[in-house]
Structures are given as structure tokens and as C-alpha cells.
Amino acid sequence: MRINKKKIIYLISPRVINNSFYNQLNIIFELGKVGLFQLRIKKEKRKKKILIGKKIKKICKKHKVKFIINDDVLLAKKLDADGCHLGQNDMSLPKARKILGKKIIGITCHNSIRLAKIAIKNKADYIAFGAFNFSKTKKIKYKANINLLKRSKKIIKTPIVAIGGINCNNYKKLLLNKANFLAISGYIWNNKKLKPAEALKKIT
């Protein structure tokens, strides 16, 4: 997965995208910290997702940020995105690989090294562990900890994305324990004290 290692932020979209979002995204990307951006809007109709995706893809391309689609392999193919992120209940990784070819495919492995090993065997480009912290963005079913990161880094060479409630107060511990990317959403988009770009400036 060729991504600038200084760009360690894996930014996940807000649930709802309004007209002011695109300008905010440009400003955030100009900070040079975001390596990947994931479009995660589950409630929109497909036609609207395509329109939104096309606009975001242009912004990502301009700033050399990898554009990833959440869950939907066929939408990733339709938009010619850089890749797709899969949950454990989504399309299987081998089937997704047949559709997307050499595109980036990452997979959620919750807090399980067993699932991570399966993902690696199926040639995932990255694995995502979490949630490492409490998160309002997504209901937490699986809790990951720093010990999982430490154990994983001894046996896993595939890039690891840390997910779940990451903010300016807790991100350093994840980086110190060799998480390759920090997946962030709520801290950026739902921050009551800081604008999105201001919030991101406080990380790294």
C-alpha cells in the first residue's frame, strides 16, 4: 500500500454530507496529514452516493489522498476509487479482489489476531483493529487494547489501522505502539469546541 508514511490519518466521513463539507475537506487535506479518506454514508440512495463520491474523488486526487469506499465493493468499482474497506459481514475478501483487482482492500478484524491472520492470508492491504476507545460514531461490540497492538506487531507486517474514539488525548499511545494509521471521524466532524481542521491540527 503506497502511502506517504507522514500521512498517518485515515479520515472517515461524517454520516451526513452537506454542501459545506467539500470546502472543509479541502482545508483539512491541505494540512498534509491525511493519507486515506473513507466515504461512509449508509443511509443515502445509490445515485446520491455516486454524486457525492465523484466530488470527493476529485478532492482526494488533487491532494494525493487515497479514496476508500466503506462496505460497498461495487460502488468502489463504479467510482474507480482507490479501494474498499470491508467488515467481517461484507463481501469476502477473495471475491472483492476479483472485482477490484489491485485496488486497496482493508478489513475490520475487531480485536482478533485470528481474523487478522485470515485477512493476511487473503492478501488484505491493511487490517483494522478496534475499538480502542469509547466512540459515539459507532456502537462498540469489540474492545481492543494496546496489548493487542504489541502482540500483532511481532507477527504481522501488514499495515495496521487503529479505530475507535481516537482524539488528541489518546492518539500518541497508539502511535508509540506502532499503529500505522489512525482512523478518525467523530473527533473531527462532531467536535463541539473546534472546527474540523483545528481539531486535526492537534494530532501529530
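1. Two strands pair if DSSP finds at least two bridges between them. That term is needed for this predicted model. In it, strands β3 (residues 66-70) and β4 pair in the parallel sense, over three bridges. Isoleucine 69 has cysteine 84 of β4 as its bridge partner. From β3 the chain passes through helix α3 (residues 73-79) to reach β4, and this β-α-β crossover is right-handed.

2. Strand β4 covers residues 83-86. Which of its residues are buried on each side? Gly83 and His85 are buried on one side, and Cys84 and Leu86 are buried on the other. Both faces of β4 are therefore covered, as buried means under 20% relative accessible area.

3. β4 also joins strand β5 (residues 104-108). The two run parallel, with four bridges. Histidine 85 stands opposite glycine 106 of β5. Helix α4 (residues 93-100) completes a right-handed β-α-β unit with β4 and β5.

4. Now the β1 region. All four named residues of β1 are buried: Ile9 and Leu11 point one way, Tyr10 and Ile12 the other. Strand β2 (residues 34-39) pairs with β1 in the parallel sense, over four bridges. Leucine 11 has phenylalanine 37 of β2 as its bridge partner. β1, α1 and β2 form a right-handed β-α-β unit.

5. β1 has another parallel neighbour, strand β8 (residues 181-184), joined by three bridges. Here tyrosine 10 stands opposite alanine 183.

6. Consider the nonpolar interior. The largest nonpolar core has 62 residues. Leu11, Phe29, Phe37, Ile56 and Leu182 have the most contacts inside it. Leu11 and Phe37 are thus bridge partners as well as core residues. Another core, of 10 residues, lies apart from the largest one. Its members include Ile12, Leu36, Ala128 and Val161.

7. Serine 13 sits in the loop between β1 (9-12) and α1 (21-29). Is this serine buried or exposed? Serine 13 has a relative accessible area of 3%, so it is buried, the cut-off being under 20%. Its side chain reaches the backbone nitrogen of arginine 40 at 2.8 Å. Beyond its neighbours within four places in sequence, serine 13 is in contact with Phe37, Gln38, Leu39, Arg40, Ile41, Ser185 and Trp189.

8. Serine 152 is a second serine to check. It lies in helix α6 (residues 146-155). Its relative accessibility is 0%, so it counts as buried. What does serine 152 contact, leaving aside its neighbours within four places in sequence? The contacts are with Ile113, Phe129 and Ile160.

9. Finally, the whole chain. Its secondary structure comes to nine helices and eight strands. The radius of gyration is 16 Å, close to the 17 Å that the globule rule gives for 204 residues, so the chain is as compact as a globular protein of that length. The C-alpha trace spans about 45 × 40 × 30 Å along its principal axes. Of the 204 residues, 51% are buried. Among contacts with a separation of 6 or more, 56% link residues 24 or more positions apart.

Key. Residues are numbered from 1 along each chain as its sequence is written. This is a predicted model: local features need pLDDT of at least 70, side-chain atom pairs count only at pLDDT 80 or more; totals for chains, interfaces and linings use all residues. Side-chain values use heavy atoms; hydrogens and water are left out. A nonpolar core is a set of buried Ala, Val, Leu, Ile, Met, Phe, Trp, Tyr and Cys residues joined through side-chain atoms within 4.5 Å. Buried means under 20% relative accessible area, exposed over 50%, partly exposed in between (1.4 Å probe, protein chains only). A crossover is right-handed if, with the strands pointing away from the viewer, the path from the first strand over the helix to the second runs clockwise. A polar contact is a pair of N or O atoms within 3.5 Å; within protein, one must be able to donate a hydrogen and the other to accept it, and residues adjacent in sequence count only if both atoms are side-chain atoms. Contact means heavy atoms within 4.5 Å. The radius of gyration is taken over C-alpha atoms; the globule rule is 2.2 Å times the number of residues to the power 0.38.
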